[in-house]
Amino acid sequence: MAGKLTEEEARRFKTEGYAYPFFAISEEEASECVNRLDQYDEPLGGEAQKQLKIKGHLAAPWIVELAHNKNILDAVESVIGPDILLFGTSVFSKRAFDERFVSWHQDAAYYGLDPQEEVTCWLGLTDANIENGCMRVMPRSHIAPDADHEETYDPKNLLGRGQTIKGVDETKSVFMPVKAGEFSMHHERTWHASSPNPSPNRRVGIAFFYMPTHSKSIIGRRSATLVRGVDNFNHWDPEPLPREDLDPVSMDFLRKSWARYTDPDVPQASIIKAE
């Protein structure tokens, strides 16, 4: 399935807070993306995914191009309209027999957007299934009250602050497996998580965070990249898009953005809303 969502698919997304699977790229293209990411490990001094967070598209022109994928943007347009900004990008990778995980959380608690209409598209660059720790979501949690998050900074948690919703009844959750080249969608308020990978198969994905151009930042002026339509609001500053892989200028901007996101002394939306 590819392209614009049907009326029923769009309705289900708005009602349930998630939708999957949808086709974005071929399995061969997905495999090539993994190979490209692996080539960054050595120059970055370790796993590339540890740095390619929040503004990961600034690492390379091909990631910016991938964020413009027509099938993904057609699906996003179906739920937030034709004028779309890329708020961010994060790479998530679990090695074979990997104990790392993503705790239950809401993106909205940390993104600081108003209104809360951001849509995350998680693109599988390998198969992501129950066996290797695919994403799971809590249906209709996007229409529930804001959840409280505890910041654990657990080293095994792939989230920057280890932000965690406690006491989740996982029996009510839904797994969202995707094949390499497919993507899932979830609303920024939807509770989601993923388990460790006890399997012998690696799991790699890349998440793109899209929002309508009328979205504002409630935690100061920040940056975003227009990927479709027009921006008549000018709520966001332009970003230094990469001219080459690991462009020094854009990588410096990426690292500073990630450092602000993870710094416990920098107030996030969840803290501001609680005050």
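Let's start with a single residue: R140 is found in the loop between strands β6 and β7 (150–151). R140 has a positive phi of about 65°, although it is not a glycine. Keep in mind as you look around that this is a predicted model. From that loop we can move on to the sheets, a helix, a cavity, an aromatic pair and some peptide bonds.

**The sheet that contains β6**

- Strand β6 belongs to an open sheet of 4 strands, which come in the order β3-β11-β6-β9.
- The pairing in this sheet is antiparallel.
- At the edges you will find β3 and β9 (174–175), each of which pairs on one side only.
- Strand β6 (residues 135–137) is joined to β9 by 2 bridges, and these two strands run antiparallel.
- To see this pairing residue by residue, look for R136, which stands opposite F175 in β9.

**The sheet of 6 strands**

- Another open sheet has 6 strands, and reading across it gives the order β1-β10-β5-β12-β2-β14, with antiparallel pairing.
- Its edge strands are β1 (18–23) and β14 (225–228), and each of them pairs on one side only.
- From one strand to the next, the twist averages 35°.
- Within this sheet, strand β5 (residues 119–124) and strand β12 (residues 203–212) run antiparallel and are joined by 6 bridges.
- A handy spot to find on these two strands is T120, which stands opposite F209 in β12.
- Helix α5 (residues 70–80) packs on the sheet, and its direction makes about 45° with that of β12.
- The strands that α5 touches are β1, β2 (84–94), β5, β10 (182–187), β12 and β14.

**The cavity**

- How many cavities of 30 Å³ or more does the structure hold? There is 1.
- The largest cavity contains about 280 Å³ of space.
- Its lining is made up of 25 residues, and those nearest its centre are F92, H105, D107, L159 and H192.
- Which elements each supply at least two residues of this lining? They are the strands β2, β3 (102–105), β5, β11 (192–194) and β12, together with helix α7 (248–262).
- Sorted by class, the lining of the largest cavity has 13 nonpolar, 9 polar and 3 charged residues.
- Here is a general idea to help you picture this: rolling a probe the size of a water molecule over the atoms shows where empty space is left.

**An aromatic pair**

- Searching the whole structure turns up 5 aromatic pairs.
- One of them is formed by F87 and W236, with 5.9 Å from centre to centre.
- Are the rings of F87 and W236 stacked or edge-to-face? They are edge-to-face, with 75° between the planes.
- This pair links distant parts of the chain, as F87 and W236 are 149 residues apart.
- F87 sits in strand β2, while W236 is in the loop between β14 and α7.

**Cis peptide bonds**

- The peptide bond that runs from Y20 to P21 is cis, with omega near -15°.
- P21 is found in strand β1, which is one of the edge strands of the 6-strand sheet.
- D114 and P115 are also joined by a cis peptide bond, and here omega is about 0°.
- P115 lies in the loop between β4 (113–114) and β5.

How values were computed
Residues numbered from 1 in each chain as written. Predicted model: local features only at pLDDT ≥ 70, side-chain atom pairs only at ≥ 80, totals over all residues. Heavy atoms only, no water. Pairing = 2+ DSSP bridges. Axes fitted to C-alpha atoms, helices over the stretch in contact; angles between N-to-C directions. Contact = heavy atoms within 4.5 Å. 1 Å grid on protein atoms, 1.4 Å probe; cavity = no way out; pocket = protein on both sides within 12 Å on 5 of 7 lines; lining within 4 Å. Points joined across faces, edges and corners; volume = space filled by probe spheres on them. Nonpolar A, V, L, I, M, F, W, Y, C, P; charged D, E, K, R; others polar. Phe/Tyr/Trp six-rings, centres within 6.5 Å; stacked < 30°, edge-to-face > 60°.
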